[in-house]
Amino acid sequence: MFCIECGKEDKELFKGRCHSCFAASNKLITIPSELEVESCAHCSSIHVGDKWMETTISEEDFIAQTIAQESVPDEDAEDVALEIDLINQKGSILEMMITASGKVLGIPVRKEFKVNVKINRNACPECSKYASGYYEAVLQLRADTRPLEAEEIQAADDIIKRLLDKLSKKNRMAYLSQRIVIKEGVDYYFGSYKSARKISNVLKEQMGGMLGESPRLMGRDKSAGKDLYRIWISLRLPIFQKGDFITHEDHVGQIIDINGRKIVIMDLETLENISISWREYSNLEKVAGKEDVKITTVTSKTPTEIQLLNPETYQPIDMDLLSELADINIGEEVEVIEIKGKIYIIPPKK
Ligand SMILES: [Zn+2]
Ligand SMILES: [Zn+2]
């Protein structure tokens, strides 16, 4: 028998060819001469199969991986290895040189292939949502029957920014798509409801207030066959702030702390601290602000009584001396607050 390629007589023929002609005619791999890959123009996501995924590999590595996946080794080839090089780039088309090496019938074989890879740069679903201003939840920051203070808005902005920096590392949808200042307060639009909720809880924990949530039906997703909701979260800061004065049941107190769990007041009659739950909020009345505090002078003092001047009328007022105020001396100035016609001494801060 003769080799159909070289005519040599061989003991053993493979598909009509001698050893070396059979090896030389083997292509090692089959690979399409044109390939396409899709990656996101805005982030590091790539489109693989039927889904998008985030990746840490470079575009070159992604292309090399795609080429390796699309290369089908020949059934007669063994130990096939690929070397992939970029030889030219024209716009979004990369000319790649693939050098395949392997063995056929134990004989080393090398083959070269040129493949044009087209890179389609599009927006991944998450980036297109971001670009279109997509949001799942709106946080409405408000204050009860008063405008928000600039410092409160600043504090909320800072907390939100810090948390988004952290959350966005794990959740691409943890972004602020819009921040709108309106007369009533500030509306924050978040890409992810889960993140919006976490942020709202931290805001409440640090700033206090009443947190509420209500879904709004936005329409219907026909392809998924379900209703589309967006969630409105409301955080209403209290009417009062630290330093203001409130009444609660028969107590008159100055607010010394506000946090997510409670409001702490110093009772102005006993100078003891009282913690009040947010559930009691509707029973609290703001009776004076921290700006209403006045300064007056102590005019006389006995072991049990103290006399000072009404800061408005300069009339002397006698009151029982609480032991906590025993350090105050005649002639010294003290802070006082008038609530419902009665003057209270605010103990000096130690
Ligand atoms: Zn031959
Ligand atoms: Zn993207």
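Analyst: Before we start, a donor here is an N, O or S atom within 2.8 Å of the metal. Keep in mind that this is a predicted model.

User: What makes Cys40, Cys43, Cys124 and Cys127 the protein donors of the zinc ion (ligand 2)?

Analyst: Their SG atoms lie 2.2 to 2.3 Å from the zinc ion (ligand 2). Since the cut-off is within 2.8 Å and S atoms qualify, these count as donors. Along the chain they follow the spacing C-x2-C-x80-C-x2-C.

User: Why is the arrangement around the zinc ion (ligand 2) called tetrahedral?

Analyst: Check the angles: the four donor atoms subtend 105 to 113°. Four donors count as tetrahedral if all angles lie between 85 and 135 degrees, so the label applies. For reference, the ideal angle for four tetrahedral donors is 109.5 degrees.

User: And how do you know whether Cys40 is buried or exposed?

Analyst: Cys40 has a relative accessible area of 6%. Buried means under 20%, so Cys40 is buried.

User: Then why is Cys43 called partly exposed?

Analyst: Cys43 comes in at 22% relative accessibility. Buried needs under 20% and exposed needs over 50%, so Cys43 falls in between and counts as partly exposed.

User: What coordinates the zinc ion (ligand 1), and what makes that site tetrahedral?

Analyst: Cys3, Cys6, Cys18 and Cys21 coordinate the zinc ion (ligand 1) through their SG atoms, at 2.2 to 2.3 Å. The angles among the four donor atoms are 104 to 116°; with the allowed range between 85 and 135 degrees, that site is tetrahedral, too. In sequence, the donor residues are spaced C-x2-C-x11-C-x2-C. Cys3 and Cys18 are 15 residues apart, both in the segment before helix H1 (19-25), and both are buried.

User: Let's move to Asp187. Where does Asp187 lie, and why does Asp187 count as buried?

Analyst: Asp187 lies in strand S11 (residues 185-190). The relative accessibility of Asp187 is 9%; the limit for buried is under 20%, so Asp187 qualifies.

User: What makes the Asp187 and Arg142 side chains a polar contact?

Analyst: The side chains are joined at 2.8 Å. A polar contact is a pair of N or O atoms within 3.5 Å, so this distance fits. Leaving out residues up to four places away in sequence, Asp187 touches Arg142 and others, including Val138, Leu139, Gln178 and Ile180.

User: How many Å separate the centres of domain 2 and domain 4?

Analyst: It's 46 Å, taken over C-alpha atoms. The domain assignment puts domain 2 at 133-237 and domain 4 at 293-350.

Methods
Residues numbered from 1 in each chain as written. Chains lettered and ligands numbered in written order. Predicted model: local features only at pLDDT ≥ 70, side-chain atom pairs only at ≥ 80, totals over all residues. Heavy atoms only, no water. Donors = N, O, S within 2.8 Å, 3.2 Å for Na, K, Ca; no water. Tetrahedral: all angles 85-135°; square planar, octahedral: opposite > 155°, others 65-115°. Buried < 20%, exposed > 50% of the residue type's maximum accessible area, 1.4 Å probe, protein only. Helix = DSSP H or I, 4+ residues; strand = E, 2+ residues; numbered from the N terminus. Polar contact = N/O pair within 3.5 Å; in protein donor to acceptor, adjacent residues only side chain to side chain. Contact = heavy atoms within 4.5 Å. Domains from an automatic or database assignment.
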